[in-house]
Amino acid sequence: MATQLPTLRIIEPNLRGPSGHYAEFVRAVSNRSAGVIGNIDIAASAGAMEHCDLGPHTTVRGAFHGQKWREEVSELRNALRSSDPFLILTARPATALALEVLARGVSATDPKALQRARLYFHWCSRGLSERLMSRMAHHVRAQAMAIAPTPTIADFLRNAGWKRVEQVPYPILAPATVPAAPPQCRILLMAGAARMNKGLALVAGVAELYGQAGRTTTLLVQTTPKRASEGHGRNVRQVLAQLSASGAPGLIMDPLAPQSIAYGERFNGALVLAPYEPAAFADGVTGVVLDGLLRGAPCVTSAGSWPGRLVERFGCGVTFSERTPRGLAAAIDAALANWDGICAGAQEAARALAAEHDPAHLARVLARAE
């Protein structure tokens with residue numbers, strides 16, 4: 001008699017559409033879960049994936065309509081009461097504390113309820129309130145599975161008292177083929193949502209330098225907000241105005257997040273600009289850099305950051321420490337001067353990272369029987 005594959009529930013209130021890293025995450029798991037997961041039920045924002053086919057075994061429900069926290073608690077309660085493993089795609093200490101409280105009404109009749117919980121931590125929550133909430137969720141830390149994309153986050157969780165910690169590389173679908181490196185760089189690309197801690201002000205400063213010099217290098221900056229429903233904050237609006245007024249002849253500001261295929265095509269012949277703040281991006285995975293390297297696109301990024309260590313590992317770009325527009329501009333010029341070398345490093349990175357970040361690794365962990 002064949003063993004029935006488990007159904008996996010995924011809870012992500014911020015999954016709002018078929019583009020972006022929330023969508024790519026669930027698309028990756030959906031496409032590489034055959035043989036270990038049966039059906040996948042995703043609780044997302046209303047209408048999130050109406051135009052995105054995730055396959056016959058994946059269903060997206062519009063579970064969140066505005067009262068996000070109340071609706072998230074309802075989804076967590078239902079997940080605890082089910083017999084299915086469930087994944088909280090963006091876990092926070094507040095989520096763990098909510099599970100701790102909700103489990104009190106379930107554990108008497110189902111002592112394994114928390115063991116079916118999988119919490120994916122994208123970053124280390126080091127604030128005082130976060131530490132206190134995590135400490136209060138002692139049953140969750142003892143029984144639920146905490147999943148970390150990097151060894152640093154895994155060690156952080158273990159030191160915080162989590163007993164079941166799994167370190168699994170961030171799931172990402174590699175393209176079927178990696179484009180051959182072009183003879184020269186086609187475009188400087190800052191992909192992903194526009195955020196201050198991603199070095200947006202440095203890129204705006206580089207655009208001003210290019211404007212003053214009349215440099216025609218194509219510079220494409222995606223200017224979408226992190227969450228479309230919230231818009232940009234004041235600081236980002238000011239920097240985007242500075243960018244727009246830079247006078248750089250090759251500047252392209254794109255306010256739209258491209259769909260999956262168009263997004264991937266942007267990396268062909270691109271030098272990816274990821275001048276992220278080292279402290280903010282020291283631990284967690286940077287999806288944009290991975291997206292680029294899996295397509296053979298080299299990168300300029302900050303020394304001391306997670307993407308910086310990746311670039312240094314493969315020699316697939318340039319890292320810089322002088323966090324000024326001139327420091328970033330010099331790093332870009334150094335990368336362009338060694339274009340063949342960093343493209344060769346990016347080709348090597350594409351091959352290695354496709355295997356390391358295969359979503360099948362995560363699918364097997366999520367489906368593991370208790």
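**Exercise 1. The second largest pocket**

Find the volume of the second largest pocket in this predicted model, and describe what lines it.

*Solution.* Begin with the space itself: the second largest pocket has a volume of about 360 Å³. Next, turn to its walls. The lining is made up of 17 residues, and those nearest the centre are Pro175, Ser260, Ile261, Gly264 and Arg295. Now ask which elements contribute. Two or more residues come from each of α1 (21-31) and α9 (260-265). The top contributor is α9, with five residues. Finally, sort the lining by class: eight residues are nonpolar, four are polar and five are charged.

**Exercise 2. Two cavities**

How many cavities of 30 Å³ or more are there, and which residues line the largest cavity and the second largest cavity?

*Solution.* Take the count to start with: there are two cavities of 30 Å³ or more.

Step one is the largest cavity, which holds about 70 Å³ of space. Its lining has 15 residues, and Ala180, Pro182, Gly269, Arg295 and Gly296 lie nearest the centre. Helix α13 gives the most to this lining, with three residues. By class, the lining of the largest cavity has ten nonpolar residues, four polar and one charged.

Step two is the second largest cavity, with about 30 Å³ of space. You can pick out its lining on the structure: His21, Glu24, Phe25, Tyr170, Pro171, Ile172 and Asp291. Here α1 gives the most, with three residues. Sorted by class, this lining has four nonpolar residues, one polar and two charged.

To finish, look back at Arg295. This residue is among those nearest the centre of the second largest pocket, and it is also listed among those nearest the centre of the largest cavity.

**Exercise 3. A helix crossing**

Describe how helices α11 and α13 cross, and list the residues that meet.

*Solution.* Two numbers are needed, since a packed pair of helices is described by the angle and the distance between the axes. Helix α11 covers residues 306-314 and helix α13 covers residues 339-356. Their axes come within 9 Å and cross at roughly 115°. The handedness of this crossing is right-handed. Now go down to the residues. From α11 come Leu310, Arg313 and Phe314; from α13 come Gly345, Glu348, Ala349, Ala352, Leu353 and Glu356. By class, this contact has five nonpolar residues, one polar and three charged.

**Exercise 4. An aromatic pair**

Why is the pair of Phe121 and Trp162 edge-to-face, and where in the chain do the two residues sit?

*Solution.* This is one of six aromatic pairs in the structure. First, check the distance: the ring centres of Phe121 and Trp162 are 5.3 Å apart, under the limit of 6.5 Å for a pair. Then check the angle: the planes stand at 70°, so the pair is edge-to-face, a class that needs over 60 degrees. Last, place the partners. Phe121 lies in the loop between β5 (117-120) and α4 (128-136). Trp162 lies in the loop between α6 (151-159) and β7 (164-167). The pair links distant parts of the chain, 41 residues apart.

**Exercise 5. Around Lys226**

Where is Lys226, and which residues does it touch, leaving aside those up to four places away in sequence?

*Solution.* Lys226 belongs to the loop between β9 (219-222) and α8 (234-244). Leaving out residues up to four places away in sequence, Lys226 touches Ala193 and Arg195. As a further landmark, take Gly192: 34 residues separate it from Lys226 in sequence, while their C-alpha atoms are 8.4 Å apart in space.

Note on methods: Residues numbered from 1 in each chain as written. Predicted model: local features only at pLDDT ≥ 70, side-chain atom pairs only at ≥ 80, totals over all residues. Heavy atoms only, no water. 1 Å grid on protein atoms, 1.4 Å probe; cavity = no way out; pocket = protein on both sides within 12 Å on 5 of 7 lines; lining within 4 Å. Points joined across faces, edges and corners; volume = space filled by probe spheres on them. Helix = DSSP H or I, 4+ residues; strand = E, 2+ residues; numbered from the N terminus. Nonpolar A, V, L, I, M, F, W, Y, C, P; charged D, E, K, R; others polar. Axes fitted to C-alpha atoms, helices over the stretch in contact; angles between N-to-C directions. Left-handed = near helix turned anticlockwise from the far one by under 90°. Contact = heavy atoms within 4.5 Å. Phe/Tyr/Trp six-rings, centres within 6.5 Å; stacked < 30°, edge-to-face > 60°.
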